[in-house]
Amino acid sequence: MKVWLLLGLLLVHEALEDVAGQHPPKNKHPKEPGENRIKPTNKKVKPKIHKIKDRHSADSTPKTQSIMMQMMDKGRLQKPAATLSLMAGQTLELRCKGNKIRWSYPAYLDTLKDTRLSVKQHERYGQLTLVNSTAADTGEFSCWGQLCNGFICRRDEAKTGSTYIVFTEKGELFVPSPSYFDVVYLNPDRQAVVPCRVTVLSAKVTLHREFPAKEIQANGTDIVYDMKRGFVYLQPHSDHQGVVYCKAEVGGKSQISVKYQLLYAEVPSGPPSTTILASANKVKGGDDISILCTVLGEPDVEVEFRWIYPGQKDERPVTIQDTWRLIQRGLGHTTRISQSVLIVEDFETVDAGYYICTAQNLRGQTSVATTVEFS
């Protein structure tokens, strides 16, 4: 019995050792470190490529769309070309999509408040109509939408439209000018334009000096020709002065434009250069006195004068006269002299004090003062 009991205990001990240190089945090979535990298949999977949108580039360059259309025959709408040629007498109708449309057109039409032109705003588009067109209507027509926040509106640069329209009229190669002789001022700090524009796109245009007679070459560096503007002096100087005209040729026919007097302006642009001078700074009772306010400026820049004087609050009667003229200063320099004179008659004690003159142009204003005492 003891032998059988010992043999049984030995068998139990060996069985427990097999359970504690169990080896893998012989029909399965042991996995190597890092080996994929997922059973491989033969199914092919196409990798997905996710497209990344470049939001920055899309937002930084907003799309610009032309909102202008031209009304054609039988109610057909068509986008106009950058440059159009129409016969004078035709009716022009342009439309621009939007409920807040502004228009720009040749200043000639706006200055005369021409009844041939009408601009209307409809619910979904703006409409410009020009009837009985003439060669003088040649120019740029443009429109743009508006972005409004309450009563404050600004131009929507993404919604614009424009076209340059040439109205061809029999016997007119040049856009008509309101006068037979015009003045062009040559300023050293900006371009000058001889505004001879043609009404036939194929016309050859040249620039000529009257005396000494010769053709002035548009070399592309000092002088260029722009169909929409005329001959442009890029860097004007005193040598360009004189009388010039333009000549247009097409189909064996030629025509001369009006003449232009080119004057070199000495005074640079800016607020008025103003001086003030009294005929006397000490005045006796009963005498007359005058105070002169003078501005030397650009030939084509108008000046407005305003006065403040001692007797103003008492409604003291005074006389104010404004004049201007062109003068030559130095060799070939043209300047505009604008003057305002204030005259006080029968001087009284209430007239003694400061006399202030304010001169104003489009670029600013200047105030000067002088004193007049009662003696």
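Which residue forms a disulfide with Cys 148? In this predicted model, the partner of Cys 148 is Cys 153, and the two sulfur atoms lie 2.0 Å apart. The link is right-handed, with 110° about the S-S bond. Cys 148 is partly exposed, with a relative accessible area of 33%. Cys 153 also counts as partly exposed, at 36% relative accessibility. Both values fall between the 20% limit for buried and the 50% limit for exposed, so neither cysteine is assigned to either class.

The structure holds 4 disulfides in total. A disulfide is a covalent bond between the sulfur atoms of two cysteines. When the bonded cysteines of the protein chain are numbered in sequence order, the pairing reads 1-2, 3-4, 5-6, 7-8.

Another of these bonds joins Cys 96 to Cys 143, with a sulfur-to-sulfur distance of 1.9 Å. The torsion about this S-S bond is about -85°, so the disulfide is left-handed. Cys 96 belongs to strand S5 (residues 92–97) and Cys 143 to strand S9, so the bond ties together parts that are 47 residues apart in sequence. Cys 96 and Cys 143 are both buried.

A disulfide also connects Cys 293 and Cys 357, with the sulfur atoms 2.0 Å apart. Its S-S torsion is about -85°, so this bond is left-handed. The pair links distant parts of the chain, 64 residues apart. Cys 293 sits in strand S22 (residues 289–297), and Cys 357 sits in strand S26 (residues 353–361). Cys 293 has a relative accessible area of 0% and is therefore buried. Cys 357 is likewise at 0% relative accessibility, so Cys 357 counts as buried.

Salt bridges were examined next. Side chains of opposite charge can pair when their charged atoms come close. The count comes to 6 salt bridges. One of them pairs Arg 95 with Glu 93, at an N to O distance of 3.0 Å. How accessible is each partner, buried or partly exposed? Arg 95 is partly exposed, with a relative accessible area of 21%. Glu 93 has a relative accessible area of 16% and is buried. The cut-off for buried is under 20%, so the two residues fall on opposite sides of it.

A second pair consists of Glu 140 and Lys 228, whose side chains meet at 3.6 Å, N to O. This salt bridge links distant parts of the chain, with its residues 88 positions apart. Glu 140 is in strand S9. Lys 228 is in the loop between strand S15 (223–226) and strand S16 (230–233). Glu 140 counts as partly exposed at 30% relative accessibility. Lys 228 is partly exposed as well, with a relative accessible area of 37%. Strand S9 thus holds Glu 140 of this salt bridge and Cys 143 of the disulfide to Cys 96.

Arg 155 forms a further salt bridge with Glu 157. The closest N and O atoms of Arg 155 and Glu 157 are 3.6 Å apart. At 37% relative accessibility, Arg 155 counts as partly exposed. Glu 157 has a relative accessible area of 53% and is exposed. The threshold for exposed is over 50%, so Glu 157 passes it while Arg 155 does not.

The strands before S9 were then considered. Strand S7 (residues 117–121) and strand S8 run antiparallel and are joined by 5 bridges. Within this pairing, Ser 118 has Thr 129 in S8 as its bridge partner. S7 and S8 form a hairpin, with 3 residues between the two strands.

Where does Thr 134 lie relative to strands S8 and S9? Thr 134 is placed in the loop between strand S8 (125–130) and strand S9 (139–149). The residue is partly exposed, with a relative accessible area of 26%. Beyond residues up to four places away in sequence, Thr 134 touches Ala 88, Arg 116, Phe 167 and Glu 169. The C-alpha atoms of Thr 134 and Gly 89 are separated by 6.2 Å. Along the chain, Thr 134 and Gly 89 are 45 residues apart.

Technical notes
Residues are numbered from 1 along each chain as its sequence is written. This is a predicted model: local features need pLDDT of at least 70, side-chain atom pairs count only at pLDDT 80 or more; totals for chains, interfaces and linings use all residues. Side-chain values use heavy atoms; hydrogens and water are left out. Helices (H or I, at least four residues) and strands (E, at least two) are DSSP runs, numbered from the N terminus. Buried means under 20% relative accessible area, exposed over 50%, partly exposed in between (1.4 Å probe, protein chains only). Contact means heavy atoms within 4.5 Å. Two strands pair if DSSP finds at least two bridges between them. A salt bridge is a side-chain nitrogen of Lys or Arg within 4 Å of a carboxyl oxygen of Asp or Glu. A disulfide is a pair of cysteine sulfur atoms within 2.5 Å.
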